[in-house]
Amino acid sequence: RFDVTVSTANDQRVVAPGRLVREWAHDGRRSFRFLTDAPIPNQFIIATARYAVTRETHHGVIVEIYHHPGHADNIARMMRAAADTLQYCSANFGPYPHDTLRVAEVSAQFRNFSGFAQPGVVFLGENRGFLIDARNPRRLDLVYRRVAHEVAHQWWGYTLVPADAPGAALLTETLTKYTELMVLRKAYGREAVRQSLTYELDLYLSGRTGETGAEPPLARVDNQSYLYYRKGAIVMHALQDLLGEAAVDTALRNLLHEQGGPGHRATSADLLRQLHAVATPAQQALIDQWMNDVVLYDFTMESARSRKLADGRWLVTMRVSASNRAAEMIDIGVFSADERQLHLAKHALHGGTQEVAVIVDREPLVAAVDPYICRIDRNRLDNSRRVER
């Protein structure tokens, strides 16, 4: 149980987990009392600073951002990320359990501090959000993504508190990464998700090279961040592609509701059972592979040629190789010079080389297999090729 009273300087404000139940001044100092309505994990942060406060109400929740008065450039972006994440999670997983959400800036003097969520509050390092130049619309919005991630922890880590067992990080960090991706996609589109997953894939592949023993499967992840963050993001994105977003969200909502029983804390086995409940037998087999085994794919776009047809359209013929053991439905995309998507559809790819032919309306420039990263590929750099005439 958490009940804290903090006295600070008269020109400062305190931020802590839980609900602010009282604020008062006495003898030239200010005091604040915070209380949680239910027990929380035994770790917490208390911050006090000369904060400016930006306050708005979104979806019935008061959202407050505590920041250095001179660090206001990204406040609107942070507010939008918090509001969008509250909306997505409340609609798909269950109501936000507090009446206020606070986002508090942490000084760069804490050099390794990135972000940390607590019940009702998110602490974010100034260099990880408040001071980032996010004005380039072609670059991934890291500010938005990071705020969305930390707000999602209000569900994955605090509404759901997993059992202290292997796979616990799958239920906190990996499910938070999934939520982050879905919120990011709704705000910025599929290209932003592709940029984010490219980063995750590279970090997973580099991270696994430092594993001293056998790489554990995702369902039994312990403290390996390259698994619960990086691989987890790609696997959950693949599950969303395989099952559909609505089905995955149904499974996660049921997982949250189920873990509310007396003395029950969810495990990775509970998550797999809920995913199985919304999947066909063939889909269940893939779920088990991705969660319980270590599976890597290797797709190559060996060649791509186009020929203009009499009706003005273009025939694109591609040779694609794959290493998967059984045939799977994998996206193949064709794109124009202005990056317009001319074709994107799933094709059955089996181990070995196969030819795929499609017709598009405009002259193609690039052909790609798995362009939006729904599988863990050993070498993503050979997945696309310039279309030759």
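Helix α5 gives the largest share of the lining of the largest cavity: four residues. That is a good place to enter this structure, which is a predicted model.

Start with the cavity itself. The largest cavity holds about 70 Å³ of space. Two helices each supply at least two residues of its lining: α5, residues 225-243, and α8, residues 281-292. Now find the wall in the model. Look for K231, I234, V235 and A238. Then move along the sequence to Q289, W290, D293, V295 and Y297. C374, R375 and I376 complete the lining. What classes of residue make up this wall? The lining has eight nonpolar residues, one polar residue and three charged ones.

A search of the whole structure finds two cavities of 30 Å³ or more. Turn to the second largest. About 30 Å³ of space lies in it. Its lining consists of D241, M329, I330, D331, K346, D370, C374 and R375. Strand β13, residues 328-335, gives the most to this lining, with three residues. Check the classes again. Here there are five charged residues, three nonpolar ones and no polar ones. Watch for two names on both lists. C374 and R375 line the largest cavity, and C374 and R375 also line the second largest cavity.

Next, go to helix α2, which spans residues 142-152. Is this helix mostly covered or mostly uncovered? It is mostly covered, with ten of its eleven residues buried. Buried means under 20% relative accessible area. The buried residues include V143, Y144, V147, A148, V151 and A152. Charged residues are on the buried list too: R145, R146 and E150. H149 is buried as well. An α-helix has 3.6 residues a turn, so residues three or four places apart point the same way. At the N-terminal end of α2, D141 acts as a cap. A side-chain oxygen of D141 lies 3.3 Å from the backbone nitrogen of V143.

Now step back to the whole chain. How many helices and strands does it have? The protein chain has eight helices and 17 strands. Its C-alpha atoms fill a box of roughly 85 × 45 × 40 Å, taken along the principal axes. A compact globule of 389 residues would have a radius of gyration near 21 Å. The protein chain has 23 Å, which agrees. Of its 389 residues, 51% count as buried. Finally, consider contacts between residues with a separation of 6 or more. Residues 24 or more positions apart account for 64% of these contacts.

Notes
Residues are numbered from 1 along each chain as its sequence is written. This is a predicted model: local features need pLDDT of at least 70, side-chain atom pairs count only at pLDDT 80 or more; totals for chains, interfaces and linings use all residues. Side-chain values use heavy atoms; hydrogens and water are left out. On a 1 Å grid over the protein atoms alone, a cavity is a set of points where a 1.4 Å probe fits but cannot get out, and a pocket is an open set with protein on both sides within 12 Å along at least five of seven lines; lining residues have an atom within 4 Å of a point. Grid points are joined across faces, edges and corners, and a volume is the space filled by probe spheres set on the points. Buried means under 20% relative accessible area, exposed over 50%, partly exposed in between (1.4 Å probe, protein chains only). A polar contact is a pair of N or O atoms within 3.5 Å; within protein, one must be able to donate a hydrogen and the other to accept it, and residues adjacent in sequence count only if both atoms are side-chain atoms. The radius of gyration is taken over C-alpha atoms; the globule rule is 2.2 Å times the number of residues to the power 0.38. Contact means heavy atoms within 4.5 Å.
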